[in-house]
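Subject: A structure for you to explore

Hello,

Here is the structure I promised to pass on to you. Please open it next to this email and follow along as you read.

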Amino acid sequence: MSYVYEKEREKLFTEAGLNLVIKVRDEAKKLLQVSGAFMLERLMQKMTGDSWMTLAAVDYLVERKELKLITPKGSVATQYFVYVDGIDA
């Protein structure tokens with residue numbers, strides 16, 4: 001079984017899921033303040049718990065345009081995806 005955003009997304013709308021989205025957003029903002037961009041691998045190192053839920057939270061933030069994925073999908077492994085601030089991009 002592999003990661004499917006649409007399947008994990010619905011779990012984000014629970015209390016635990018929303019708490020995770022906030023935690024991921026706050027950590028992403030910290031990483032962006034330091035360097036202006038970050039690799040998914042670096043964010044994942046700071047998180048605990050279900051990796052797929054963390055990926056779903058990141059994808060949700062991209063969907064909401066709070067983060068922007070600048071690495072073309074399929075060009076590198078997922079952990080090397082690079083994100084920037086979606087508001088400023």
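Helices and strands here are DSSP runs, at least four residues for a helix and at least two for a strand, and they are numbered from the N terminus. With that in hand, you can place Glu27: it is in helix α2, which covers residues 15-35. Please keep in mind that this is a predicted model.

**The overall picture**

The protein has four helices and three strands. If you walk along the sequence, they come in the pattern α-α-β-α-α-β-β. The radius of gyration is 12 Å, close to the 12 Å that the globule rule gives for 89 residues, so the protein is as compact as a globular protein of that length. Its C-alpha atoms fill a box of roughly 30 × 25 × 25 Å along the principal axes.

How much of the protein is buried? Of the 89 residues, 36% are buried. The protein exposes about 5600 Å², and carbon and sulfur atoms supply 53% of that area. Contacts across the sequence are worth a look too: among those with a separation of 6 or more, 54% are between residues 24 or more positions apart.

**Charges and salt bridges**

The protein has 13 positive and 13 negative side chains, and the centres of the two sets lie 2 Å apart. There are five salt bridges in the structure. Let me show you some of them.

One of the five pairs Arg9 with Glu63, where the closest N and O atoms are 2.8 Å apart. Arg9 belongs to helix α1 (residues 5-9) and Glu63 to helix α4 (residues 51-63), so this pair ties together parts that are 54 residues apart in sequence. Arg9 is partly exposed, at 28% relative accessibility, and Glu63 is partly exposed as well, at 40%.

Another salt bridge joins Arg25 and Asp26, with 3.2 Å between the closest N and O atoms. Arg25 has a relative accessibility of 29%, which counts as partly exposed, and Asp26, at 35%, is also partly exposed.

A further salt bridge links Arg64 to Glu66, and here the closest N and O atoms are 3.0 Å apart. Arg64 is partly exposed, with 47% relative accessibility.

**Some residues to click on**

Let's return to Glu27. Is Glu27 buried or exposed? Its relative accessible area is 14%, so it counts as buried, since buried means under 20%. Setting aside neighbours within four places in sequence, Glu27 is in contact with Leu43, Lys46 and Met47.

Thr54 sits in helix α4. At 2% relative accessibility, Thr54 is buried. Which residues does Thr54 touch, not counting those up to four places away in sequence? They are Leu20, Val24, Met44 and Met47. Notice that Met47 comes up again here, as a contact of Thr54 and of Glu27.

Leu67 lies in strand β2, which runs over residues 67-69. This leucine is buried, with a relative accessible area of 5%. Apart from residues up to four places away in sequence, Leu67 touches Ala28, Leu32, Phe38, Val58, Leu61, Val62, Tyr83, Val84 and Gly86. If you would like to try out a distance tool, take the C-alpha atoms of Leu67 and Tyr5: these residues are 62 apart along the chain, and the atoms are separated by 16 Å.

For a second try, go to Arg42, found in helix α3 (residues 40-46). The C-alpha atoms of Arg42 and Ala28 are separated by 9.5 Å, and the two residues are 14 apart along the chain. Arg42 is partly exposed, with a relative accessible area of 39%.

Finally, look at Lys65, in the loop between α4 and β2. What is special about its backbone? Lys65 has a positive phi of about 65 degrees although it is not a glycine. At 59% relative accessibility, Lys65 counts as exposed.

Enjoy looking around, and write back with any questions.

Best wishes

Definitions and conventions: Residues numbered from 1 in each chain as written. Predicted model: local features only at pLDDT ≥ 70, side-chain atom pairs only at ≥ 80, totals over all residues. Heavy atoms only, no water. Salt bridge = Lys/Arg side-chain N within 4 Å of Asp/Glu carboxyl O. Buried < 20%, exposed > 50% of the residue type's maximum accessible area, 1.4 Å probe, protein only. Rg over C-alpha atoms; globule rule 2.2 N^0.38 Å. Contact = heavy atoms within 4.5 Å. Areas by Shrake-Rupley, 256 points an atom, 1.4 Å probe, with all protein chains shown as cover. Lys, Arg positive; Asp, Glu negative; His and termini not counted. Charge placed at Lys NZ, Arg CZ, Asp CG, Glu CD.
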